[in-house]
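Colleague: Could you take a close look at a single part of this model, the aromatic contacts around one buried ring, and describe how they are built up?

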Amino acid sequence: MLNPKNLNRTLSGPSMNFEKRQDKRRWSNLVLISLATVLSLSVWFSTNAIAPVLEVERGFTGSDIAWLTIAVQLGFVVGTLLIAFTNLADLMNTRTLFAISAVLSGVSNVALRFAPGGIFSALILRVLCGMFLGGVYPPGMKIVSGWFRSGRGIAIGTMVGALTVGSGSPHLFKSVFVSEWELTLYISSILAVLAGVIAYFLVKDGPFDVPASRFNPRYFLTAMRARSTRMVLFGYLGHQWELYAMWSSIPVFLLGVFGSKSVIGDSLELSSLITFAVFIFGGVACVGAGIIAERIGRTATTSIMMAISGGSALFIGFLPMELGLLISIVALVWGVSVIADSAQFSTALTELSEDTYRGTALTFQTGIGFLVTIPPIWLTPMIADVWGWGPAFAILGVGPIFGITAMLKLRAMPESLACAMGRR
């Protein structure tokens, strides 16, 4: 919902000179919370990275692996919505919430190593891991927005880039350790605990952090009645439809392209290494997109990125499998564009929403967005098994089309002037 105070503040420009009011420590805190995000999110795709080994060691099927991914998404939705409806992100110190959640996500991740071999116990643990991650990512964005007013898109973009790198890190562990799947779980869990330590002891609250407030159950309805915040939500939903289905399917697709080839002897498995590169390129792009959005606007940046990612989704699956180099290039382009715009949806929401409920709004939008990821994660491998990767990935292109439409509608509204210091 547009806050007139935010609009006036945004349009006043250099006269307010926000940079002088901001603590010089904001950049060091951005580095610290981004580092904590990289480390904690390493548990997200840990089972995807070691999927081939789990199929052998635990007897899991391809469908089981998909459900393990969905379990994390479901847990994340439950966790984020629980935080939203209890207003926990605003009532509890956000750094403490982040730290506790990061540690518990690491514990639930490593517990998979010692749990009984059946799929049921694995699903429960992955749901719990997702729930605890719901206390990491959205609260982390709130911490960052507490340090930045101008340049917030760059800051949140940096943190989403950290999320991307962290999510892809298990593929690097898998590429290095190959069949030693226990090490992937151990390392990612240790990193998550370390993230909690960093968030609790080193990260500080920013000068723009808002005081705790009482939960207002009417706020969500009020926000959704405002067409501007509704368009941001719709754009985010289109983005999310594509993102996590791409992230969960691209390692399987690249494994089909490159098989068990290694870069050096039996080390550095090629498909896992390229998958990690997809995440790395995407993480860097998040920062670049934040810089671009501050110059040309959030609606323009998100629309351009979704156009590129949607085009990649429609194209990559139809390429002949023997064109490994071309497939790798398109995968990297897709990896860049599919995540680069993510932070700009979150940033736009903070600019169009009441400051008091910033954390709750971010958490609520994120929870709904991750709920949308579940159908495509389930559908993509099913369609790929029946009709091939071309139609499977093409289905993901529907999301960007929907998202672009929403963001262009937002751009035509006067409320969009509250975004990116008036650049829409």
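Modeller: Trp334 is a good place to begin, since at 0% relative accessibility this residue counts as buried, where buried means under 20% relative accessible area, exposed over 50% and partly exposed in between, computed with a 1.4 Å probe on protein chains only. This is a predicted model, in which local features need pLDDT of at least 70 and side-chain atom pairs count only at pLDDT 80 or more, whereas totals for chains, interfaces and linings use all residues. Residues are numbered from 1 along each chain as its sequence is written, and side-chain values use heavy atoms, with hydrogens and water left out.

Phe393 likewise counts as buried, at 0% relative accessibility. The structure holds 20 aromatic pairs, a pair being two rings of Phe, Tyr or Trp (its six-membered ring) with centres within 6.5 Å, called stacked when the planes are under 30 degrees apart, edge-to-face when over 60, and tilted for the rest. One of these pairs joins Phe253 and Phe393 edge-to-face, at 5.3 Å centre to centre and 85° between the planes. Because Phe253 lies in helix 14 (residues 227-258) and Phe393 in helix 21 (residues 389-396), this pair ties together parts that are 140 residues apart in sequence; helices here are DSSP runs (H or I, at least four residues), numbered from the N terminus. Phe253 and Phe393 are both buried.

Trp334 and Phe393 also form an edge-to-face pair, because their ring centres are 5.0 Å apart and their planes stand at 85°. Since Trp334 belongs to helix 17 (residues 324-340) and Phe393 to helix 21, the pair ties together parts that are 59 residues apart in sequence.

Methods
Helix = DSSP H or I, 4+ residues; strand = E, 2+ residues; numbered from the N terminus.
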